[in-house]
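I opened this notebook to record what I looked up, entry by entry. The terms are explained where they are needed.

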Amino acid sequence: MPVYREQDVIPYRSRVREYAVKIKMGLVSQTKLITAASEIVRNMLKYANGGETIIEIVSRGRDNGIRLTFDDKGPGIADIPKAMKDGFSTGRSLGLGLPGTKRLVSEFDIKSEPGSGTTITIIMWING
Amino acid sequence: MERIPILKLGAFLLVTIQIDLYDRLALHLEEDLVAMVEKKSVKGVLIDISAVGIVDSFMGRILGNIGSMCKLLDAETVVVGMQPAVAITLVELGLPLKGVYTALNVDKGMELLRSKIEIEDTIGDDYDDDTSPN
């Protein structure tokens, strides 16, 4: 699902919620997942003018979860460990985006190549 | 253009957010509220977010900004009705919404606003008494 405009954020969030409801994810986990997704797409819009997203249902033994992938062709992040520190921001935001998002979900993975883009994958498992 | 309605209730403004706010709508709300606080000499602003399922850092920042701006215009802001899942998420995200008062529902929020404003009135009265000439 492409997210290239500010108006795409709310429909995207509704879509994630639909998937979470489908696998009967608890309300708190749902809220955390959607908030995390919202933070990442906002970052993507701000720094990379948007990008592509994928929503998938994944399973691990008996546990189900939602995996969200965010793929942009923006400037990339030069220093990922620095970007993952609380309070760091190259923009004017509070710098909570990436580290805050990581705290909200079960798994968080980021790959970035300066000059060619950033891919972030997050997973929220129903049972932690 | 779509706008969030702002109701005037005595000396207070009441805003009930019933939909997921997209950025422009949130920014308009901030502008409209601050303008109305000034124009109608409002003493308190009540924002009901009981129907809001997601508060991300942008939305949190808007709520905080409204609180700070209203404070500069001598009005208090109370955010009421936050869903427990939203509270959990905000704290884990690292955004504990400092600077705005919170209450569980609109009634309690009204009470809180009234008590804040009464306290200010009393302080004002005392000051007048002390400085009034004989």
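I began with the vocabulary: helices (H or I, at least four residues) and strands (E, at least two) are DSSP runs, numbered from the N terminus. This is a predicted model, in which local features need pLDDT of at least 70 and side-chain atom pairs count only at pLDDT 80 or more, while totals for chains, interfaces and linings use all residues. Residues are numbered from 1 along each chain as its sequence is written, and chains are lettered from A and ligands numbered from 1 in the order in which they are written.

**Entry 1: a residue in chain B.** I looked up L14(B) and found it in strand β2 (residues 12–16) of chain B. Is L14(B) buried or exposed? L14(B) is partly exposed, because 19 other C-beta atoms lie within 10 Å; a residue is buried at 20 or more such atoms within 10 Å, exposed at 12 or fewer, and partly exposed in between, with C-beta atoms placed from the backbone. Leaving aside neighbours within four places in sequence, L14(B) is in contact (C-beta atoms within 7 Å) with L7(B), L9(B) and L46(B). L14(B) and L46(B) are 32 residues apart in sequence, yet 4.9 Å apart in space, C-alpha to C-alpha.

**Entry 2: the core.** I next looked up the largest nonpolar core, a set of buried Ala, Val, Leu, Ile, Met, Phe, Trp, Tyr and Cys residues joined through C-beta atoms within 7 Å. Of its 52 residues, L33(A), A37(A), V41(A), V45(B), L46(B) and I47(B) touch the most other members. The largest share of this core, 8 residues, comes from α2(A). In soluble globular proteins, nonpolar side chains tend to be buried together.

**Entry 3: a helix in chain A.** Which residues of helix α4 (residues 97–104) of chain A are buried? They are G97(A), L98(A), G100(A), T101(A) and L104(A). These residues lie on the same side of α4(A), because they cover an arc of only 165° around the axis, taken from the directions from the helix axis to the C-beta atoms. The elements covering them include α2 (27–48) of chain A and α3 (84–93) of chain B.

**Entry 4: where the chains meet.** How many residues does each chain give to the contact? Chain B gives 17 residues and chain A gives 21. On the side of chain B that touches chain A, α3(B) gives the most, with 6 residues.

Key: Two residues are in contact if their C-beta atoms, placed from the backbone, lie within 7 Å.
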